[in-house]
Amino acid sequence: MPLIEAHGLTKQFRQAVKEPGLVGSLKHFFTRQYKDKLAVDHIDLSVEAGESVAYLGPNGAGKSTTIKMLTGILVPTSGSLIVDGLVPHEKRQQNARKMGVVFGQRTQLWWDIPVIESFNLARDMYEIPAARYKANLAEFTELLGLAEFMNIPAGKVSLGQRMRADLCMALLHEPKLLYLDEPTIGLDIAVKDSIRKFIHRLVEERGTTVMLTTHDLGDIEDICNRIVIIDSGKIIHDGGLADLKDNYARDRVIHFQLARPPASMEPICAGLPACDLHADGLSLSVRFDRFEFAAGEIAAAVMPHVEVIDFRIDEPEVEDLIRRVYLGQLSLAAPEPTADTPESAVAAEA
Amino acid sequence: MAVKVAIATRLRRARWLTYIYFRCLGQQMKAILAYEADFVILLISAGLVQITGFLFIWTVFQRIPDINGWTFWQVVMMYSLIFITEGVGSLFFEGTWRVSRLVYNGNFDQILVRPVSPIVQVLAGAVGFNGLGNIVTGGALLAISLGNVPAQWTPGRLLMLVILIISAATIRVAINLATSACAFWIKTPWSMVPMFVHQLGEFAKYPITIYSMAVQAMVVVAIPFAFVSFFPTAYLFNMESWSAIGLLTPLVAVYCMFMAVWIFRVGLRRYESTGH
């Protein structure tokens with residue numbers, strides 16, 4: 001049985017429609033107007049234990065809303081949701097015992113008290129047996145390098161330190177499921193890297209199921225084996241990273257560095273009818289579908305006509321790919337007419 | 001047997017929740033004490049407020065010997081019960097005043113992802129050391145007024161006194177909790193509703209018989225502040241027609257807490273986790 005199972009999961013928010021300024025506020029006070037926003041629109045999602053899922057989408061797509069339903073914070077408007085045998089919002093506290101949450105924008109630590117005190121409070125709240133608490137705390141302190149700021153209040157440590165402490169706090173009770181909502185937001189490369197390594201290790205060694213939302217594609221490549229993309233409340237892609245590349249990033253580009261400018265482009269173009277050629281001075285690039293041509297064929301077609309000094313092949317970048325999905329330049333799902341406008345989706349996340 | 005086990009489990013749960021409550025509250029206290037200067041200033045200002053309050057009552061009763069058939073000491077007892085319950089509310093349950101802000105900026109999320117009752121977390125969410133002043137002043141006034149109760153202090157009566165004080169405090173905290181839940185409906189960072197209702201408690205500093213029927217109905221039935229001060233005092237002073245109602249105070253307390261928890265839970269379902 002899957003650990004997370006959602007069918008037709010939907011969340012609709014009711015938003016006050018106000019005109020700007022004081023007059024608008026007064027008007028709203030007397031004639032209330034509301035607009036319904038579908039933040040999450042009938043999604044089906046099934047996650048098996050041990051998977052690490054990247055949950056992606058542009059701002060306002062419904063990522064956080066989904067996570068908030070999974071954690072039991074929000075009550076779904078309709079649809080069914082079962083997480084490890086429980087309906088999260090009905091058995092919120094039982095659900096909480098089995099999960100860890102890190103919201104990049106917020107901290108679970110108590111602001112004014114030393115980090116270690118927050119951990120001790122978590123120990124009591126989650127009723128973690130003393131021996132396991134001690135062992136976990138020692139391990140995470142070592143792996144995340146928490147020792148240097150353990151006795152400093154959470155409000156006074158740096159963002160990177162706080163995030164590491166938050167991660168430790170979310171995991172002390174050894175949850176089956178870890179939700180990470182933009183865990184690396186605003187962090188420097190070194191901290192990002194240590195957090196990614198840590199999560200990767202967690203998935204490998206403890207078999208923790210991870211669900212991660214992020215805008216940082218480095219997070220995905222380092223941690224996740226599955227990518228779910230949501231846009232305007234609907235899931236538009238669900239599959240492995242390789243699938244995503246195979247299905248939608250078919251293009252590759254070979255860049256040739258030439259000894260002298262080509263005398264004429266015509267013979268080259270004639271040899272590569274289905275490709276997109278671009279010549280600029282001493283460089284020549286050929287964009288091709290890697291399932292139709294092998295890189296060697298392209299080279300073979302180009303070499304006889306020009307003198308090549310060097311060449312390189314560009315792999316499709318996930319980042320570029322997903323950017324194109326967000327911008328609507330690349331449609332992953334069969335297009336279907338919806339009433340949702342991008343504007344309504346942005347408002348729903350806010 | 002099964003019932004026995006169920007009761008034992010519930011008791012264990014209640015004990016655990018109480019422990020968690022005091023653990024959270026203890027951390028809040030540490031946090032405040034960390035800013036020592038602030039703490040000292042707070043204590044001094046709280047003390048000054050209480051002294052002014054006491055001087056006010058004293059001045060009033062220099063001029064007005066009794067109000068609507070209620071003597072000076074009876075009114076002092078009502079005052080003291082309002083003070084004490086207010087103090088208990090601030091010192092131990094100040095967290096109810098933080099709810100609207102938590103809900104407004106979405107920080108209530110943090111409470112909901114922990115495996116502890118949100119209501120317990122809300123109640124333990126803050127410490128108002130200024131409540132200490134109310135408790136001390138109120139306690140002193142209560143002790144003096146009790147000395148002027150004409151009845152004999154049997155063990156039963158003493159027990160009832162303790163029950164009445166606990167019930168009165170419970171009613172006040174329940175009212176705070178219930179009104180704090182309005183944050184789930186009214187989305188502003190500082191909702192005025194809890195403060196407004198809180199101020200209605202001022203009515204209960206005087207015998208309710210001096211008010212119109214509408215006000216009486218409000219403080220007896222709608223928002224039962226009368227059970228915080230008026231009815232318990234009537235019972236302790238054996239005021240014929242009112243004292244029997246004073247015995248209902250513990251029941252009213254249970255009812256208020258039950259309603260407050262229910263309202264809070266209904267509100268919680270509406271929580272929309274705004275912000276990011």
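Analyst: Helices and strands here are DSSP runs, numbered from the N terminus. A helix needs at least four residues in H or I, and a strand at least two in E. The model is predicted.

User: How many helices and strands are there in chain A?

Analyst: Chain A has 13 helices and 13 strands. Its C-alpha trace spans about 75 × 60 × 45 Å along the principal axes. Of its 350 residues, 37% count as buried.

User: Take the contacts in chain A between residues at least 6 apart in sequence. What percentage join residues at least 24 apart?

Analyst: The figure is 74%. For one pair, compare sequence with space. A:Asp193 and A:Ala96 are 97 residues apart in sequence, and their C-alpha atoms are 28 Å apart. A:Asp193 sits in helix α7 (residues 189-206) of chain A. This residue is partly exposed, because 14 other C-beta atoms lie within 10 Å.

User: Now a single helix. Is α4(A) largely enclosed or left open by the rest of the structure?

Analyst: Count the buried residues. The cut-off is 20 or more other C-beta atoms within 10 Å. Eight of the eleven residues of α4(A) are buried, so this helix is largely enclosed by the rest of the structure. The buried residues are A:Val115, A:Glu117, A:Ser118, A:Phe119, A:Leu121, A:Ala122, A:Arg123 and A:Met125.

User: What covers the buried residues of α4(A)?

Analyst: The cover includes α5 and α6 of chain A, together with α1 of chain B. Two of these helix pairs are worth reading in detail.

User: How do I describe two packed helices?

Analyst: Give the angle between their axes and the distance between the axes. Start within chain A. The axes of helix α4 (residues 115-125) and helix α6 (residues 159-171) of chain A come within 9 Å and cross at roughly 15°. Angles under 35 degrees count as roughly parallel, so α4(A) is roughly parallel to α6(A). Their crossing is right-handed.

User: Which residues make the contact of α4(A) with α6(A)?

Analyst: From α4(A) come A:Val115, A:Ser118, A:Phe119 and A:Ala122. α6(A) brings A:Ala165, A:Cys168 and A:Met169. By type, the residues of this contact are six nonpolar, one polar and no charged.

User: At what angle do the axes of α4(A) and α1(B) cross?

Analyst: They cross at roughly 170° and come within 10 Å. Angles over 145 degrees count as roughly antiparallel, so α4(A) is roughly antiparallel to α1(B). On α4(A), the contact uses A:Glu117, A:Leu121, A:Asp124 and A:Met125. On α1(B), B:Ile20, B:Arg23, B:Cys24 and B:Gln27 take part. This set divides into four nonpolar, one polar and three charged.

User: How many residues of chain B are in contact with chain A?

Analyst: Contact joins 19 residues of chain B with 24 residues of chain A. On the chain B side, α1 (2-34) and α5 (108-112) each supply at least two residues. α1(B) gives the most, with seven. The side of chain B that touches chain A holds eight nonpolar, five polar and six charged residues.

User: How should I read the sign of phi?

Analyst: Most residues other than glycine have a negative phi. Look for exceptions. A:Asp84 has phi near 50°, a positive value, and is not a glycine. This residue lies in the loop between β4 (78-83) and α3 (92-98) of chain A. A:Asp84 counts as partly exposed, because 18 C-beta neighbours lie inside 10 Å.

User: Which residue with a positive phi follows α4(A)?

Analyst: That is A:Glu127, with phi near 50°. A:Glu127 lies in the loop between α4 and α5 (130-144) of chain A. With 12 other C-beta atoms within 10 Å, A:Glu127 is exposed.

User: How far does helix α3 of chain B reach from its first C-alpha to its last?

Analyst: Set the span against the one expected at 1.5 Å a residue. Helix α3 (residues 72-93) of chain B has 22 residues and reaches 31 Å, close to the expected 32 Å. α3(B) is mostly covered, with 20 of its 22 residues buried.

User: Where in chain B is B:Asp66 placed?

Analyst: B:Asp66 is in strand β1 (residues 66-67) of chain B. With 13 other C-beta atoms within 10 Å, B:Asp66 is partly exposed. Neighbours within four places in sequence aside, B:Asp66 is in contact with B:Thr71 and B:Phe72.

Definitions and conventions:
Residues numbered from 1 in each chain as written. Chains lettered and ligands numbered in written order. Predicted model: local features only at pLDDT ≥ 70, side-chain atom pairs only at ≥ 80, totals over all residues. Expected span 1.5 Å × (residues − 1). Axes fitted to C-alpha atoms, helices over the stretch in contact; angles between N-to-C directions. Parallel < 35°, antiparallel > 145°, perpendicular 65-115°, else oblique. Left-handed = near helix turned anticlockwise from the far one by under 90°. Contact = placed C-beta atoms within 7 Å. Nonpolar A, V, L, I, M, F, W, Y, C, P; charged D, E, K, R; others polar.
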